[in-house]
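Please look through the sequence and the model below before reading on. The paragraphs that follow take up its cysteines, its unusual backbone geometry and the packing of its helices.

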Amino acid sequence: MKNSNLAVLIGLLIAGVGSIVAQPLGTAAKPAAGEPAEMSPRLADLKKRLSGGDSTALPKFWASLEKDHAPLLEPIADQPGKSLVTFIWRAGPGTTDVSVVGRQLSRLLDTDLWFATDIMDSSTPMFYAFFPTVAGQSKGRCADPLNPQRFAVPDDVLAAVPADLKGENSQWLKMSMLLFCESPSDRWTEPRVGTPRGKIEMFTVDDKQRPNGRRVWVYTPPKYNSAANQPYRLLICFNGPSYVMEIPVSTILDNLLAADEIWPTVAVMVDNGDLKSASEDLDNHAAFADYMAEQVLPWIRKTWKVSNDPSQTLLCGYSRGGSGSAYAAWKHPELFGNVLSQSGAFWRGNEGSSEPPEWLTQQIKDSPRAALRFFIDVGAQETRPTPGGPIFIEANRHLLDALKDKGYLVRYVEVTGGRHDPVHWRSQLPDGILFLAGKHAQNK
């Protein structure tokens, strides 16, 4: 797939585009117009063996994928930084069509193996799903059963999520991730056998703007003790459902705590609702920052034994949740001492406006330095213009410059290949926690 087309195809995938045109079983699908008709060397060898009568070749291939997994990644000798990426689907009886990232798969001879191969940038992680059609019926979005990298949610966490956020209502739970290479942080995002697990529960907090209250999820670490001598550290995440499911805060904290990298921490994931509601919360709105300071934080402190020290309290979020975290901490540094922003929407204006652009950055330039520390990550491919005018990534760079000029402690990461999606947010979150709240960081 040409990189220029990738974002468009992923957008189609999210919108629910499924199979393209069903075709008779055994008919090879043609690549989309303008796409390279690439062939994986490994599949070419398999095809040769099968054509030569080797009946063991296909079973051996499927067995090898249990170890190697899919998609197949093969280097291109004369194109450094590029890879041949082959998506593979093991079809059931009656399959007439399969597509992935807007591309129709081909069937290998008369086997149950369907595939599509493209040239991709090896530094560009992505998410994807398959859309098979069986006996004329679309099966909808399916995660890749041959790829263990996916937005998997442990059963105990899923039990705390209401029906309107899971099942058919969650596109992410049926998506897989293509990472190319493992980030050092990825080891923190996967559940480990034998690692003690904390507990996650859903609660409702009063909110005069919401007749039914506001949902929050609270993670308490293993062996949480309300009578403990030392209060627990506190992590508050906006974009709450995402930090419960796609960006697994509970698993990350379990693993970091088991490795003795952090102090025991309570995490609260705040539900900001749909796009309209999230905008009303997080786009530099004073009322929401005050609501967090005057209602949510006191409720947390009353219900759980957490620290009153702002240096031991961390606000986190992505996109408008990242900029909203920075805004709430800037407005209430007496309560929130650390900001972990992931692809923060720092191009925004004041109180939900696009004007003036980069309003919060200007406020930081014009106000005295507060007792705040920052971890900021943004995808290197977040280069689109914003409604307010600034290029998205450049707005993050401008904030970095303002923070550094004021003498704030800040770590800034531009994630190679990163776009505006959870693939890189989940991998960067542990690094941000370690920088702002890790035992070794605190001892420096």
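C237 has a relative accessibility of 0%, and therefore counts as buried; in this predicted model, C316 likewise has 0% relative accessibility and counts as buried. A disulfide is a covalent bond between the sulfur atoms of two cysteines. How many disulfides does the structure hold? The structure holds 0 disulfides, and C237 takes part in none, although the sulfur of C316, the nearest cysteine sulfur to that of C237, is 4.2 Å away. Seen from the other side, C316 is also in no disulfide, its nearest cysteine sulfur being that of C237 at 4.2 Å. Because a disulfide requires two cysteine sulfur atoms within 2.5 Å, the 4.2 Å separating C237 from C316 leaves C237 outside any such bond.

The backbone offers several points at which to pause. Most residues other than glycine have a negative phi, and most peptide bonds are trans. Against that background, the peptide bond that joins A70 and P71 is cis, with an omega of about 0°, and P71 itself sits in the loop that runs between α3 (57-68) and β1 (72-75). A cis peptide bond also leads from E355 to P356, here with omega near -10°, and P356 belongs to the loop between β16 (338-342) and α10 (359-366).

Positive phi values can be followed in the same manner, beginning with N239, a residue other than glycine whose phi is near 55°. N239 lies in the loop between β13 (233-237) and α5 (240-244), and with a relative accessible area of 12% this asparagine is buried. N284, again a residue other than glycine, has a positive phi near 60°, and its place is in the loop between α7 (275-282) and α8 (286-303). Is N284 buried or exposed? With a relative accessible area of 3%, N284 is buried. A further positive phi, of about 60°, is taken by D260 just after α6.

That residue leads on to helix α6 itself, which spans residues 249-258 and is mostly covered, with 8 of its 10 residues buried. The buried residues of α6 are V249, S250, T251, I252, L253, D254, N255 and L256. Which elements do the buried residues of α6 pack against? Their partners comprise the helices α4 (155-158), α5 and α12 (422-437), together with the strands β12 (214-220), β13 and β14 (265-270).

A second packing arrangement involves α9 and α10. Two packed helices are described by the angle between their axes and the distance between the axes. For helix α9 (residues 320-331) and α10, the angle is about 30° and the axes are 11 Å apart; α9 and α10 are therefore roughly parallel to each other, and their crossing is left-handed. On the α9 side the contact is made by S323, A326, Y327 and W330, and these residues meet W359, L360, Q363 and I364 of α10. An α-helix has 3.6 residues a turn, so residues three or four places apart point the same way. By class, the contact of α9 with α10 has 6 nonpolar residues and 2 polar ones, and no charged residues take part.

Key: Residues numbered from 1 in each chain as written. Predicted model: local features only at pLDDT ≥ 70, side-chain atom pairs only at ≥ 80, totals over all residues. Heavy atoms only, no water. Buried < 20%, exposed > 50% of the residue type's maximum accessible area, 1.4 Å probe, protein only. Helix = DSSP H or I, 4+ residues; strand = E, 2+ residues; numbered from the N terminus. Contact = heavy atoms within 4.5 Å. Axes fitted to C-alpha atoms, helices over the stretch in contact; angles between N-to-C directions. Parallel < 35°, antiparallel > 145°, perpendicular 65-115°, else oblique. Left-handed = near helix turned anticlockwise from the far one by under 90°. Nonpolar A, V, L, I, M, F, W, Y, C, P; charged D, E, K, R; others polar.
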